[in-house]
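Got the viewer open? Here is a walk through the model, one selection at a time, with a note on what you should find at each stop.

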Amino acid sequence: MTLSTGSNRSGLRDIINRISHYLPTQGPLDVFVHHNTLHAFEEYHFLEGVEKAASVYGARAYQSEFSYQRSFIGGRINDHDLREAILLDQPSLVRQNEEVASDECAIEDIRAILLSAPEHTTRESVFWALLEHGGLDHHPAELAFPRWEGEIARERAIVRAMSLAERSEYLDQYIERHEYWNKDDELVVEELTKLLERPVPDVNRTALRMLWLASMTDALRMVRLETRLDGMNADTVDRAARELTMPLITKLAAAYVDDGVAGWQLPRRKEGFVVAVSEVLQGHSPLVPWFVRGVGSRLTRLVGRDPLDALEDILREEDLAQDRWEEVLQRELLELKGWAGFFHLLETRHEVLPTSSASREDLLIQFLAVSMIIRARARDVLRDEPRAQIRPHGVDSDDIVNRLYYRAFHLFRWCQVRGVTARTLVTWPAWRKERLFSLFASWEVRRRERVWHLAFEGNFERRVYHAFLAGVKHSARPASIPHFQIITCIDDREESFRRYLEEMGRHVVTFGTAGFFGVDVAYQSIEGGEAPFCPVVIRPRHVVVERAKDQHLSVVDRRLAFGRTLIRSRGMFDRGSRSAMGGALASLLGGIAFVPMLMRTLFPRLSGRISGIIAGREPLDTVTDIVYEREEGCQADEFSTERLMGFSPVEMAQRVGGLLRSIGLVNNFAPIVVLFGHGSSSRNNPFRSAYDCGACGGRPGRVNARVFALMANRQDVRRLLRESGIDIPDSTHFLGGYHDTSSDSISYFDTDSIPAASGQFFEELRFLVDEARRRNARERCRRFAYAPHDDRDAALAHVEGRTQSIAEPRPEYGHATNAIAIIGPRNHSRGVFFDRRSFLVSYEPSVDPEASILTAILAAVVPVCMGINLEYFFSSVDNEVYGAGSKLPMNIASLVGVITGFASDLRTGLPAQMVEIHEPVRLNIIIESRLEQFEAALGRLPVVRGLIEREWVKVALYDPVDHRLFPLIRGRVSSAYDAFEALVPEVHDEESLISHRSGNLPFVSVHQSMED
Amino acid sequence: MITLVPFFALAAVWAIVGALVLIALAIFCGGTRREQFISNIARYGLLIAWTSVLIASAGYLIFGGVPTEVASVMLCSLSHHSLQVQLSFDGLAAPFLVITYSLCGIAAAFSRDYLHRDRGHGRFYLLVMLFALGMSIVVLARNMATMYIGWELIGLTSALLISFFHERGATRENALRAFWAYRLSDTSLLLAALMLTMHQEGGISPNPSLDGLRGIIIPILILLAAMPKSAQVPFSAWLPRAMEGPTPSSAIFYGGLSVHAGLYLLLRSGEWITFPVWFNSTLCVIGIVSAGLGSIQASVQTDIKGSLAFASMSQVGLMFIEVGCGFYRVAVIHFIGHSVLRTYQILSANSALHEGRTRHGGQFAADSRVAALAYRVAFLTSIRDGLGPYSLVSILERVSTHLGRCEAQFTATIGRWAGRTRR
């Protein structure tokens, strides 16, 4: 049956649209936005989505079994967690009738399967473990096998009572020389015979060897029972073709989107990818790489044709049945998913690289067509070329043999865990063995990893709930007259900062809210350029402009001019030093480069100071103003999308009031209310933007804090707020500030406008914040090697140095270890040490009967925090496929991203150095709200509801009236969490807890030094 | 105080050797504080070496600039020829040695944080120290046979550092390309050294003029030794591929030191042999071609490290021209400035995204036919493999793979036999 070309075309386009969903959506790296790496799978349940994605991308779904086993040995996962997880995966095991005994047995069997799963998957490595590593002499020290010891005692009596003849007869039962028998197996039999010939044989060693033989026999039967797994057995020529053509295709792609690295542009890139590539690879010139000889003619055939038609031709030429098209196209597209994803982004979003001259029409299809042609040509050349160097990537033994020995080894270990000796094993009836085999078959690797992961997460979840409940129980009421109210971002890094601030006394109160503080602006900085400073889902309409203060006009002009000259001359020098003549000139002066190289490597803090002095003593903020207001009367149309200059007083009041209501600060204002935006600084770091504020779209939150404070101090805004119910007294002053989370430096904006009456409070605040940041630096330093312990000032100096060093791939750890989000009043979690792992959102359910505030919070917080959590999750589970690999061989490509080494796919996700301390667990969100309010809020947010129901985040509701915690299972409340007698330890201060410990710490309650 | 200079020069070399031994011991013994110990030993060892060399250079300048012998070890002596390992310190060695220890020292300091927690931390430091030792020997060598020892070390450590992340298949392939280039260079140098030794009575005093066939072959061999090391055309395909290793090693090798080793060879052997005119003109031609081609290739690279690699190659081409024209001092000054600059540029290559040059503007649109042709040539030559199914290297690779398989079987059998008897 032939289909007409028309429906083929639309079919093809549909296919392309479908498979392009699997591509990563990371834009140019200078603005890094965390998002769910597996966003294409969000329509599935989390576990299902993760496993499907693993097969699509060829990635790990969970951490390796081995690491979970290590976690079990280390105590991170305990038996209770494992049991709960097994039951979660196989609920049918929980039955209330007479089969309980056999179910317990089944759970025990499954637990033994999980614990005994070996990491050795080939025959060679199995024998290495058995013969070289003493697997047949003793069992692994870490796992205690108490049952086995008991059995051995019994065995000892029996064997020693046997005569020599009986023993050799006894041995013969166990030996079955199968078709895969080889020298190593023979070796085991020889050893066993020798052992049995001794007058007093070592029963443990004998028993282990006999068990091994018995396991081999049974494994044979098991393997014959299993169906063959479909491996990804790529043809060797195909693999060689992919490897050879990768540099060519990636370099062409990089040249096409190059945004400023190369001095010369790719010719004819205005005309499309196909044209540009055929221009480069044209003809039979000897310069075209040998493995794609002659590809030029095939490419020129593509030129001028509709790319979809061309793609169809390619598929037809490959002699592929139409039902295989999607599978093939998907494999080809995801081969270089980084570059393909970027091309797709260019095609669909025009704000990406707006000044690029590259043509964007049908870009993805063109890329697909070109890469398929190049690879096909390479395959042809390699097949025809008899002496082409194709290195085989074979395994040492056949697949089935490996599986046999793997199974045998697994069964061998399993029997040791369960305490089943060979003697017992052979006496088992056939049905029992069948049941065991089917259990082994159904509990294959993926399922085991899943259960381990659920146990891993379950353990953490329980600890979080216990910590939270402890915090609620000990919640202190803040002082009746707060002196300072400090509003920070919900960022998990601010958790420790807020904790130290609050430890200063009960008169210090902190709040958490999304770091853009409701101020959605497009900011035009005085240095030039405009950028949005709000969550990526919001398109800002209001423009605020930075301009120099009148009295500092000349200073600012001078500094800007200096800055511009510096940048331009550095750029010129850089570019020039790459040409022959320019390079020669640059080399004359080149010796001077020794100074910055030395300083920035060995004395980073000092070099930071010096750069600061050169750039100008005071930060630019102190000599500039922000124009953020629009005159009265210009009332904007709410629903239009046109841009507006600044905010009108009504709009300002909306924003200020909105934020204050959202965090529950509507009365009882302190004399000083500070808002700290946050950002990060580092050198020589392509991922710098990943440390900035996610709520500000991957940028530092400086301008948002500043503008909010300016707005909230205005009399007209306060008048409007008073009319709507928020009465801010005249004695209260709002202050904008900035917290650099890498260097733990603090700065304040517009300090000259602080009224005299508040001056004393400001001084006190400065002192408090200074002490808090010192302690914060100290706590952060516990994670860093070569950082000072115990001394707070040294710690502060150390973290400052880290941000200025060009050799530091870990200026800070960012969101690593993030795992919790708490939405509720702060005093319910105040005093709990969350180890910088929790996002903290301030929310007062009592002032939110309609759940409108909760709706707004969930709409913002859930996607942002989930995005951060899942980005870290997947980049740490499989850093090579989902993450960006190690930073060490990284190379910036086209100024849009990074590649590894000489040529590679564009790397997406986070590098290894950012996720190395991260524990991949899903985000645990605890929301303080009544069920009805929560349901009402979710009802207005279908997307968030879907994510919660499909468990991409885990949610628990804390009912403020009932004082009980209800975990949600698939979006539904089932029963209250029974905390039984879980105790959360209490410490006096963090110092004893964190001193000289660099790993994850338990959650504890910290006695605050109370000052009344 | 004539002994000041040789004492300190030798002290520098011993400092490196001592650090090397301690690092190797630390790797072997393991332990939790191993990382810190290794990076400290490396840094202080290089600091001591650097200080010693500065003192030696100062002494050299003060005491009249006489080349002094530092060490001399007789390896073997036949009736008319002998093989001696000889190190000496002079005005050419001083700047090279100072730069070597400075850049290696900075790389060692850089790597303490950069390589932290990497599985290959110890291996990295071991290889860098071995490289420093190799460079010291090359620079201090007084005859070509001695130089060869260091030359081999440089090549070996280079290839091992490029393949640092050996889990990646592409990395291993690219490291092999570099390794083959270095083997060509090593073999040529070895042959040249042997021929020179055979030629000279006593093997010490340099014989200024070579006649006949030797007068042609030895300079060609020296050329063949210098060119692949310094990535001159046509042996330049491996250089961009050498950026597979960690940034600090890429920086000091291909920005600073290893890539100038060819230059050093030319400068040094110019003192031992008088180069014929055709040699100098060949140098100039090679230099012009490499400088020009390298410059355009650098302009079409879309990744920072690749662009810097080609820029490096083109500058070394200019240095070859300078040597060919006899401007030895200029070449040394050029080397000093270039190595420091390039090392710094590669070390801070990753700052291009956030702290680097402005985007857009300055990109030359290669629209005209000539420009497009130049682009094509530069692009395709910069990604060329250097090999193909018919190249000598491929043949050698196949032979070695076959031998490797035989060897693997042999080793496995021996191992099993040994394991069996152990029980």
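Start by selecting A:Ser894 and everything in contact with this residue. Leaving aside neighbours within four places in sequence, you should pick up A:Ala254, A:Val257, A:Asp258, A:Asp259, A:Gly260, A:Val261 and A:Trp339, plus B:Thr302 from the other chain. Keep in mind as you click around that this is a predicted model. A:Ser894 itself sits in the loop between strand E15 (890-893) and strand E16 (897-900) of chain A. Buried or exposed? Buried: the relative accessible area of A:Ser894 is 0%. Now draw a distance from the C-alpha of A:Ser894 to that of A:Ala254: you should read 5.8 Å, for a pair 640 residues apart in sequence.

Zoom out and show chain A alone. There are 36 helices and 22 strands to colour in chain A. Its radius of gyration is 33 Å, close to the 31 Å that the globule rule gives for 1012 residues, so chain A is as compact as a globular protein of that length. Along the principal axes, the C-alpha trace of chain A spans about 105 × 80 × 65 Å. Colour by burial and 61% of the 1012 residues of chain A count as buried. Turn on contacts between residues at least 6 apart in the sequence of chain A, and 75% of them join residues at least 24 apart.

Next, a few helices in chain A. Select residues 146-161, which is helix H7 of chain A. From first C-alpha to last, the 16 residues of H7(A) reach 24 Å, close to the 22 Å expected at 1.5 Å a residue. Which residues of H7(A) are buried? Look for A:Trp148, A:Glu151, A:Ile152, A:Glu155 and A:Val159. While you look down a helix axis, recall that an α-helix has 3.6 residues a turn, so residues three or four places apart point the same way.

Move on to residues 325-335 and 363-384 of chain A, helices H15 and H17. The two pack at an angle of about 95°, with their axes 10 Å apart. H15(A) and H17(A) are therefore roughly perpendicular to each other. Show side chains where they meet: on the H15(A) side you have A:Val328, A:Leu329, A:Glu332, A:Leu333 and A:Glu335, and on the H17(A) side A:Leu364, A:Leu368, A:Met372, A:Arg375 and A:Arg379. By class, that contact of H15(A) with H17(A) holds six nonpolar and four charged residues, with no polar ones.

The last helix stop in chain A is H18, residues 399-418. At 1.5 Å a residue, its 20 residues should span 28 Å, and the end C-alpha atoms are indeed 28 Å apart. Switch on a surface: 18 of the 20 residues of H18(A) are buried, so this helix is largely enclosed by the rest of the structure. Step just past the end of H18(A) and check the backbone of A:Gly419, where phi is positive at about 75°.

Now hide chain A and bring up chain B. Expect 16 helices and three strands in chain B. A compact globule of 423 residues would have a radius of gyration near 22 Å, and chain B agrees with 22 Å. The C-alpha atoms of chain B fill a box of roughly 70 × 65 × 45 Å along the principal axes, and 60% of the residues of chain B count as buried.

Chain B has some backbone details to click on. Select B:Arg117, in the loop between helix H3 (93-114) and helix H4 (121-140) of chain B. B:Arg117 has a positive phi of about 70° although it is not a glycine, and this arginine is partly exposed, at 45% relative accessible area.

Then go to the loop between H7 and H8 of chain B and find B:Ala231. Phi of B:Ala231 is near 55°, again positive in a residue other than glycine, and B:Ala231 counts as buried at 0% relative accessibility. B:Pro234 is found in the loop between H7 and H8 too. Check omega between B:Val233 and B:Pro234: the value is about 5°, a cis peptide bond.

Finish with chain A shown again and B:Ala298 selected, in helix H11 (residues 277-300) of chain B. B:Ala298 is buried, at 3% relative accessible area. Beyond neighbours within four places in sequence, B:Ala298 is in contact with B:Ser307, B:Phe310, B:Ala311 and, across in chain A, A:Arg578.

Definitions and conventions: Residues numbered from 1 in each chain as written. Chains lettered and ligands numbered in written order. Heavy atoms only, no water. Axes fitted to C-alpha atoms, helices over the stretch in contact; angles between N-to-C directions. Helix = DSSP H or I, 4+ residues; strand = E, 2+ residues; numbered from the N terminus. Parallel < 35°, antiparallel > 145°, perpendicular 65-115°, else oblique. Contact = heavy atoms within 4.5 Å. Nonpolar A, V, L, I, M, F, W, Y, C, P; charged D, E, K, R; others polar. Expected span 1.5 Å × (residues − 1). Buried < 20%, exposed > 50% of the residue type's maximum accessible area, 1.4 Å probe, protein only. Rg over C-alpha atoms; globule rule 2.2 N^0.38 Å.
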